Amino acid sequence: KHLQSQYHDTHNFFISLIFQIIYTMKTFIAASLIASAAAFAPAKTSSSSTSLKAFEDELGAQPPLGFFDPFGLLNGDCSQERFDRLRYVEIKHGRICQLAFLGQIVTRGGLHLPGSINYAGDSFDSFPNGVAALIGPNSIPTAGLVQIVAFVGFLECAFMRDVPGTGNEFVGDFRNGFIDYGWDSFDEETKLNKRAIELNQGRAAQMGLLGLMVHDQLGNVDQFFPGN
């Protein structure tokens with residue numbers, strides 16, 4: 001009984017940790033969604049105050065909304081440093097949500113990793129999708145939650161960051177002198193177009209993932225995935 005109590009305490013601890021991370025991510029996502037001024041603007045070391053009009057033509061301010069900042073996050077004397085920080089948050093969470101949304105589509109479509117998730121022989125597809133995989137009687141083992149948190153932390157520290165002095169061209173450029181995939185061969189117009197596409201898809205993914213989370217809790221998310 002003592003070991004069982006320790007197991008439940010450890011499990012609850014990591015559940016609380018994950019929800020704290022999710023809550024923090026939601027806060028950043030909300031901030032990025034209401035601040036379309038968070039653009040892929042070139043990073044600058046100066047933090048001098050800048051007028052609001054200086055950001056109205058940045059990448060991401062486009063029809064039908066144009067420059068959209070209903071909460072006034074860039075009102076007053078806004079520095080370039082603050083603007084770059086908002087753009088950094090928006091693009092990074094956009095990328096995370098694109099991966100998360102794709103993960104929802106893949107797993108709810110019936111595609112899971114082969115083999116077992118633990119030494120007990122439980123297969124990956126034996127666990128539920130969505131929030132139920134983290135909370136509830138059929139959630140993944142605590143060791144699995146620890147591995148998820150550790151892997152995310154590893155990506156955050158090793159790859160998902162901008163390393164100064166490596167030739168990155170804009171906020172959110174995580175190539176760090178290593179990954180290129182032909183980016184340097186594009187002309188400036190093509191680069192702007194591709195950055196705008198990624199930015200818009202990230203915004204759509206944030207809204208889409210939030211919608212999936214809501215319907216997951218309402219219990220009708222499977223209606224959006226035929227065959228489930």
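Me: Helices, taken as H or I runs of at least four residues, and strands, taken as E runs of at least two, are DSSP runs numbered from the N terminus; in what order do the elements of this protein run?

Reply: In this predicted model, the elements run α-β-β-α-α-α from the N terminus on, and the secondary structure comes to four helices and two strands. Strand 1 covers 49-50 and strand 2 covers 78-79, so each satisfies the requirement of at least two residues for a strand.

Me: What makes some parts of the model a matter for caution, and which elements have the lowest and the highest mean pLDDT?

Reply: The mean pLDDT of the protein is 79, with 76% of its residues at 70 or more. Among the elements, helix 1 (residues 2-34) has the lowest mean pLDDT, at 50, whereas helix 4 (residues 188-218) has the highest, at 93. Over residues 31-49 pLDDT stays under 50, although the model has 73 contacts beyond four places in sequence for that stretch. Where pLDDT is low, the predicted coordinates should not be read in detail.

Me: Why is the pair Lys-191 and Glu-188 called a salt bridge?

Reply: The closest N and O atoms of Lys-191 and Glu-188 are 3.9 Å apart, and because the cut-off for a side-chain nitrogen of Lys or Arg and a carboxyl oxygen of Asp or Glu is 4 Å, the pair counts as a salt bridge. The two residues stand three apart in helix 4, so about one helical turn separates them. Side chains of opposite charge can pair when their charged atoms come close.

Me: Is each partner in that pair buried or exposed, and how do you know?

Reply: Lys-191 has 6% relative accessibility, which places it among the buried residues because the limit is under 20%. Glu-188, at 55%, is on the other side of the scale and counts as exposed, because exposed means over 50%.

Me: What makes Arg-175 a residue with two salt-bridge partners?

Reply: The side chain of Arg-175 meets that of Asp-173 at 3.0 Å, N to O, and that of Asp-180 at 3.1 Å, N to O, so both distances fall within the 4 Å cut-off. Asp-173 and Arg-175 are both buried, the relative accessible area of Arg-175 being 15%. Asp-180, at 29% relative accessibility, counts as partly exposed, because that value lies between the 20% and 50% limits.

Me: Which residues are linked in a network of salt bridges, and how many salt bridges does the structure hold?

Reply: The network links Glu-169, Asp-173, Arg-175, Asp-180, Asp-184, Glu-188 and Lys-191, while the structure holds 12 salt bridges.

Me: Why does Phe-159 qualify for a patch on the surface, and which residues form that patch?

Reply: Phe-159 has 44% relative accessibility and counts as partly exposed, so it passes the requirement of over 30% relative accessible area for a patch residue. Phe-151, Phe-154, Phe-159 and Met-160 form the nonpolar patch, with about 420 Å² of accessible area together. Phe-159 is in the loop between helix 3 (142-158) and helix 4.

Me: How many disulfides does the count give, and are Cys-78 and Cys-157 buried or exposed?

Reply: The count comes to zero disulfides; no pair of cysteine sulfur atoms therefore lies within 2.5 Å. Cys-78, at 3% relative accessibility, is buried, whereas Cys-157, at 57%, is exposed.

Me: What makes the backbone at Pro-64, Asn-176 and Tyr-181 worth a remark?

Reply: Most residues other than glycine have a negative phi, and most peptide bonds are trans. The peptide bond from Pro-63 to Pro-64 is cis, with omega near 5°, and Pro-64 lies in the loop between strand 1 and strand 2. Asn-176 has a positive phi near 55° and is not glycine, while Tyr-181, also not a glycine, has a positive phi of about 55°. Asn-176 lies in the loop between helix 3 and helix 4, and Tyr-181 is placed in the loop between helix 3 and helix 4 as well. At 18% relative accessibility Asn-176 falls under the 20% limit and is therefore buried, whereas Tyr-181, at 76%, is exposed.

Terms used. Residues are numbered from 1 along each chain as its sequence is written. This is a predicted model: local features need pLDDT of at least 70, side-chain atom pairs count only at pLDDT 80 or more; totals for chains, interfaces and linings use all residues. Side-chain values use heavy atoms; hydrogens and water are left out. pLDDT is the predictor's confidence in each residue, from 0 to 100. Contact means heavy atoms within 4.5 Å. Buried means under 20% relative accessible area, exposed over 50%, partly exposed in between (1.4 Å probe, protein chains only). Patches are made of residues with over 30% relative accessible area and no salt bridge: like charges are joined within 9 Å, nonpolar side chains (Val, Leu, Ile, Met, Phe, Trp, Tyr) within 5 Å. Accessible areas come from the Shrake-Rupley method with a 1.4 Å probe; for residues, only the protein chains shown count as cover.
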